[in-house]
Amino acid sequence: MPPRLQCLNAVRNAVLSPFLGMRFSTSRIMAAELPPTSDTSSSEMRGYDSLISLVSKAQEKGLERRMALLANTRVQQSVAQEYEDNVSRSALTKQIHRRWRAGDVYAPHDLSGIEMAKWKKRGKVTRDVFDVVAFDPIATGSYKNFSIMSEYVTPMGRIRSSKETGLRPVNQRKIAKAIRRSIGLGLMPSVHRHPEVLYKAKERDEMNDNYRRGRLV
C-alpha cells in the first residue's frame, strides 16, 4: 500500500476513535516505517565504544590502586615483622651474658640462668678514660658542655660513682667538681638531666615507635 493511503487510513481511524486521536502522530508512523539511517547507527556505535573504553580505563585504574595498596600493606607487614624479630633476637642475646668464642665447649647446664648470672658480673675497669685521651674537664672548660657532663650524671641528677665511671680518684674528683660548677652556673639542672638530652632521648623513642609500626621516617 502506498504511504499516502496509509496516512489517510490512519487519519480516518483517528477521527472515528477519539482515544486513538490523542496518541496519533504521523511523524512517529513515518519514523517507524522508515529503516534506520547509517549515520545514526555509526554515532551510536561510537558512543558505545567510548563508553566501553572509559569503563575499561576506570577498571584498570582501580586495579592499579588496589595492587599499590596491597604492596604497601605487604611492605608495612614485612617491616613490622622484621622489627619484632630484631627485638626478640636482642632480648635473647641480652639473656646470654657470656661471650662465646670459636672452639668453646659447653654443656646444656652452661646455658641455664644460674651459669649465665656468673658471667653477668663485669670486672672493674682497669684503665681510666681521662688518662687515655688526656682529658681534664676543668682545665679545658668542658664543664660548659652539658652533653659531656650528662654522661656522668644519673637520670635523677646524681653524680655517678667511680664504680660506674671507671675513673681513678683524681679524675673522679675533677669530673664531680666540673659537674657542680656547671650546676652552679645554671648550665645544668640539679635534679634531672639536661632538657636537650631528654628531648633527644624522646625523639629516639618516637623513631623507634614509628619503625615498629612500619612508618619509616
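Q: Which residues gather in a patch of negative charge on the surface?
A: In this predicted model, one member of the patch, Asp-205, lies in helix α10, which spans residues 195-212. The patch of negative charge on the surface is made up of Glu-196, Glu-203, Asp-205 and Glu-206.

Q: Is Asp-205 buried, partly exposed or exposed?
A: Asp-205 lies in helix α10 and has a relative accessibility of 45%. Buried means under 20% and exposed means over 50%, with partly exposed in between. At 45%, therefore, Asp-205 counts as partly exposed.

Q: Which residues form a positive surface patch?
A: One residue of this patch, Lys-61, is found in helix α4, which covers residues 38-95. The positive surface patch is formed by Lys-57, Lys-61, Arg-65 and Arg-66.

Q: Is Lys-61 buried or exposed?
A: The relative accessible area of Lys-61, a residue of helix α4, is 55%. The term exposed applies over 50%. Because its value is 55%, Lys-61 is exposed.

Q: What accessible area do Ile-96, Trp-100, Tyr-106 and Leu-111 have together in their nonpolar patch?
A: Among these residues, Leu-111 is found in the loop between α4 and α5, and with a relative accessible area of 47% Leu-111 is partly exposed. Taken together, Ile-96, Trp-100, Tyr-106 and Leu-111 form a nonpolar patch on the surface with an accessible area of about 380 Å².

Q: Is Asp-128 buried or exposed?
A: Asp-128 is found in the loop between α5 (113-120) and α6 (129-133). Its relative accessible area is 7%, and the term buried applies under 20%. Asp-128 is therefore buried.

Q: With which residues is Asp-128 in contact, leaving aside its neighbours within four places in sequence?
A: Asp-128 sits in the loop between α5 and α6, and the neighbours within four places in sequence are set aside here. The residues that remain in contact with Asp-128 are Gly-166, Leu-167, Arg-168 and Asn-171.

Q: How many helices and strands are there in the protein chain?
A: From the N terminus on, the elements run α-α-α-α-α-α-α-α-α-α. The count for the protein chain is 10 helices and 0 strands.

Q: What share of the accessible surface of the protein chain belongs to carbon and sulfur atoms?
A: Buried residues make up 16% of the 217 residues in the protein chain. The accessible surface of the chain comes to about 17600 Å², and the share of this surface that belongs to carbon and sulfur atoms is 58%.

Technical notes
Residues numbered from 1 in each chain as written. Predicted model: local features only at pLDDT ≥ 70, side-chain atom pairs only at ≥ 80, totals over all residues. Heavy atoms only, no water. Patch = residues over 30% accessible without salt bridge, like charges linked within 9 Å, V, L, I, M, F, W, Y side chains within 5 Å. Areas by Shrake-Rupley, 256 points an atom, 1.4 Å probe, with all protein chains shown as cover. Salt bridge = Lys/Arg side-chain N within 4 Å of Asp/Glu carboxyl O. Lys, Arg positive; Asp, Glu negative; His and termini not counted. Charge placed at Lys NZ, Arg CZ, Asp CG, Glu CD. Helix = DSSP H or I, 4+ residues; strand = E, 2+ residues; numbered from the N terminus. Buried < 20%, exposed > 50% of the residue type's maximum accessible area, 1.4 Å probe, protein only. Contact = heavy atoms within 4.5 Å.
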